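Please open the model in a viewer and keep the sequence panel visible beside it. The tour proceeds from one selection to the next and describes what is found at each stop.

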Amino acid sequence: MERARRLASRAPWVYPALVVLVALGPALYAVYAQTFATLGRDHGIFQYVAWALRHGERAYKDFHEINGPLPHAYFMGMQLLGGEDEHTFRTLDTLVLATSWTVGSLTIPRWAGLTTTRPWLWALAGLAVLGAQYTRYDWWHSAQREALYAALVFASLALQSIAHTTKAPRAATRALLAAGFFGALPWFGKPPCAVFAVLQVLVALHDRASLPLSLRRAGAAAGAGIAIAGALMLAFMLAFEDLARGVAMLAKVPKLHHTIWNETLIGSYRAYRNSVTLNWAAISLGAFLVTYRVFRLPRRALLAVVLPVGGLLVFFGQGKAFPYHLHMLTLGAGVAQLVVVAAIARVVQDPETPRRAEVALAGAALALGLGAKACVESLHCAALDRRWMSAGATPELRRSRAYFEAFGWGDFFANDLRDAAAYVAFKTTPDERVQIYGFDPYFLFLAKRKSASPVLYGFELNVDAALEGGPGARPDAELSQWLRDYRDEAEALVLATVEASPPAAFALFDRAPFTFPPNAEKDFAAHCPRLFAFLERHYERGPTFGTVRLWMRHDVMAR
């Protein structure tokens with residue numbers, strides 16, 4: 001025991017080594033297991049958007065989209081690297097995230113003021129702990145855009161920590177420029193992510209004495225990085241999207257989408273067992289703040305509150321309560337835990353620390369506990385995910401019905417989508433278009449057919465869910481009328497488009513969000529009577545594949 005105390009007090013690298021020893025293997029295995037998962041609805045939406053952009057369509061003009069350009073650009077890049085295949089996409093996405101966790105964790109000792117000669121151990125400890133928090137998300141909630149945004153913010157924080165710890169003005173300038181760049185990118189996917197930048201600025205102001213350059217120069221460097229990110233996103237939009245219509249469409253999204261299923265604060269806390277995640281994040285944040293106060297950490301250590309505090313604001317601000325909206329919070333909790341361990345290592349590095357041996361041993365116990373929690377978490381998730389690995393061990397198996405049946409979801413039917421898409425691809429030519437009614441543009445990607453009209457989402461043609469609202473938001477009379485007018489305009493737009501150029505087929509999806517109609521055909525007739533009348537005149541019922549009802553143009557059906 002005495003030898004262990006001496007080792008822990010004299011060798012701060014022991015702490016990350018303990019985490020790595022206990023947690024790295026299981027975390028890597030669990031993260032690897034997730035690469036064998038299929039893609040769900042949200043991933044599928046971006047797969048279609050990226051594919052359509054690559055084949056000449058312009059976002060916001062040729063199809064309405066409710067997201068900013070960053071996920072479009074990301075999925076396009078993935079597809080160019082082979083990411084049209086689901087396993088390839090998952091693998092590439094995991095590599096991007098794991099790289100950010102590993103490289104970002106190299107800087108963790110800097111946050112706490114720890115001098116270390118083995119930064120690679122902290123990198124591996126970060127990979128273990130941050131990888132473990134990621135595996136808590138199931139196949140539906142992993143590989144989501146929020147995980148990417150969290151990784152980008154973490155990269156920005158790591159770069160900012162370099163600026164606060166270097167004595168070279170040029171190095172600080174470059175670090176802040178890169179921090180501004182990575183921190184600004186998420187704004188072009190989810191604008192509320194700007195809250196992280198506000199918190200980063202507050203930390204920079206609080207710790208301005210440690211910056212080796214003036215605040216004006218620091219702000220200029222970060223601003224230049226933000227400008228570069230904005231210029232790249234603007235260039236992407238000019239090349240592949242309709243900028244003016246995009247601005248107009250994204251301005252409408254809060255009015256169109258905000259009230260659907262909007263939850264209260266307590267409802268968001270309780271939904272989907274979010275309370276467990278939120279409670280653990282609160283404990284982690286509290287432990288960091290106590291450590292910050294008791295051990296008198298450098299002010300830059302407050303970078304550790306940016307992700308969890310910003311994550312809380314973004315999660316509750318959206319009011320949807322979806323678990324994947326917690327990615328920023330859970331990543332931030334893991335980072336805060338690592339900074340606490342680094343802080344203890346820093347304290348015991350000082351020979352003047354009172355009761356140094358006891359503090360060192362307590363820190364070792366904390367590192368072991370953190371590693372054990374990550375290990376148990378990873379092993380539990382890997383046990384659940386192992387069936388995906390066995391079901392999808394080969395490319396042939398990943399095309400089988402049994403594989404997709406391993407990914408059950410209440411309103412998403414992978415086999416139905418694929419069966420119907422294969423039929424449409426067989427009956428139509430590549431230049432013919434398809435109109436959908438539901439919430440799965442993924443169907444169009446699977447069929448490799450473009451949308452017949454700009455309207456992709458059922459909630460533009462059926463606003464019942466928005467009119468009903470949720471416990472956290474109900475539309476007033478003015479908004480209700482705006483929603484009805486929007487719906488009428490959307491139906492008129494689709495009708496004018498399909499009358500001018502009748503698509504080869506219509507695909508109607510049963511049980512589609514957000515109203516979950518048991519019979520999409522009846523729902524379509526009730527909410528879009530003019531469109532349904534057009535459908536009956538020029539189309540005939542084709543085959544039904546589970547929850548997907550196809551109507552084929554007369555000449556297409558006769559082929």
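## Paired strands

Strands E1 and E2 run parallel and are joined by four bridges. The model is a predicted one. Select residues 434-437, which form strand E1. Within E2, Ala505 is the bridge partner of Val434. Which residues of E1 point one way, and which the other? Val434 and Ile436 project to one side, Gln435 and Tyr437 project to the other, and all are buried. Such an arrangement is expected in general, because side chains in a regular strand alternate between the two faces of the sheet.

Next, select residues 539-545, strand E3, together with residues 548-553, strand E4. These two strands run antiparallel, and five bridges join them. Phe545 stands opposite Val548 of E4. Two residues lie between the strands of this hairpin, and Gly546 has a positive phi there, near 65 degrees.

## The loop between E2 and H23

Move now to the loop that follows strand E2 (505-509) and leads to helix H23 (520-527), where Phe514 lies. Display the backbone at Pro513 and Phe514: the peptide bond joining them is cis, with omega about 15 degrees. Then select Phe516, which is placed in the loop between E2 and H23 as well. The phi of Phe516 is near 55 degrees, a positive value in a residue other than glycine. These two features deserve a look because most residues other than glycine have a negative phi, and most peptide bonds are trans. Is Phe516 buried or exposed? With a relative accessible area of 31%, Phe516 is partly exposed.

Another positive phi in a residue other than glycine is found at Lys448, again near 55 degrees. To find Lys448, go to the loop between helix H20 (442-447) and helix H21 (464-468). Lys448 counts as partly exposed because its relative accessibility is 28%, which falls between the limits of 20% and 50%.

## The second largest cavity

Keep Pro513 and Phe514 selected, and add the other residues that line the second largest cavity, among them Tyr437, Gly438, Phe459, Asn462, Phe509 and Asp523. The volume of this cavity is about 90 Å³. Its lining comprises seven nonpolar, four polar and one charged residues. Two earlier stops meet at this cavity: Tyr437 belongs to strand E1, and the cis peptide bond joins Pro513 and Phe514.

## The largest cavity

How many cavities of 30 Å³ or more does the structure hold? There are five. The largest cavity has a volume of about 110 Å³. To centre the view on the largest cavity, select Gln133, Trp280, Gln337, Lys373 and Glu377, which lie nearest its centre among the 13 residues of its lining. Helix H7 (119-135), helix H16 (327-349) and helix H17 (356-391) are the elements that each give two or more residues to this lining. By class, the lining of the largest cavity consists of six nonpolar, four polar and three charged residues.

## The loop between H8 and H9

Select Thr166, in the loop that connects helix H8 (145-165) with helix H9 (169-184). Thr166 counts as buried because its relative accessibility is 17%, and the limit for a buried residue is under 20%. The side chain of Thr166 reaches the backbone nitrogen of Ala168 at a distance of 3.2 Å. Leaving aside residues up to four places away in sequence, Thr166 touches Ala171, Ala172, Ser210 and Pro212.

Continue to Ala168, which is placed in the loop between H8 and H9. Ala168 is partly exposed, at 35% relative accessibility. Draw a distance from the C-alpha atom of Ala168 to that of Leu211: the separation is 9.3 Å, although the two residues are 43 apart along the chain.

## The second largest pocket

The final stop is the second largest pocket, with a volume of about 360 Å³. Select Leu176, Gln200, Val201, Ala204 and Ala222, the closest to its centre of the 19 residues that line the pocket. Elements giving two or more residues to the lining are H8, H9, helix H10 (194-206) and helix H11 (215-240). What is the division of this lining into nonpolar, polar and charged residues? The lining of the second largest pocket has 13 nonpolar residues, six polar residues and no charged ones.

How values were computed:
Residues are numbered from 1 along each chain as its sequence is written. This is a predicted model: local features need pLDDT of at least 70, side-chain atom pairs count only at pLDDT 80 or more; totals for chains, interfaces and linings use all residues. Side-chain values use heavy atoms; hydrogens and water are left out. Buried means under 20% relative accessible area, exposed over 50%, partly exposed in between (1.4 Å probe, protein chains only). A polar contact is a pair of N or O atoms within 3.5 Å; within protein, one must be able to donate a hydrogen and the other to accept it, and residues adjacent in sequence count only if both atoms are side-chain atoms. Contact means heavy atoms within 4.5 Å. On a 1 Å grid over the protein atoms alone, a cavity is a set of points where a 1.4 Å probe fits but cannot get out, and a pocket is an open set with protein on both sides within 12 Å along at least five of seven lines; lining residues have an atom within 4 Å of a point. Grid points are joined across faces, edges and corners, and a volume is the space filled by probe spheres set on the points. Ala, Val, Leu, Ile, Met, Phe, Trp, Tyr, Cys and Pro count as nonpolar, Asp, Glu, Lys and Arg as charged, and the others, Gly among them, as polar. Two strands pair if DSSP finds at least two bridges between them.
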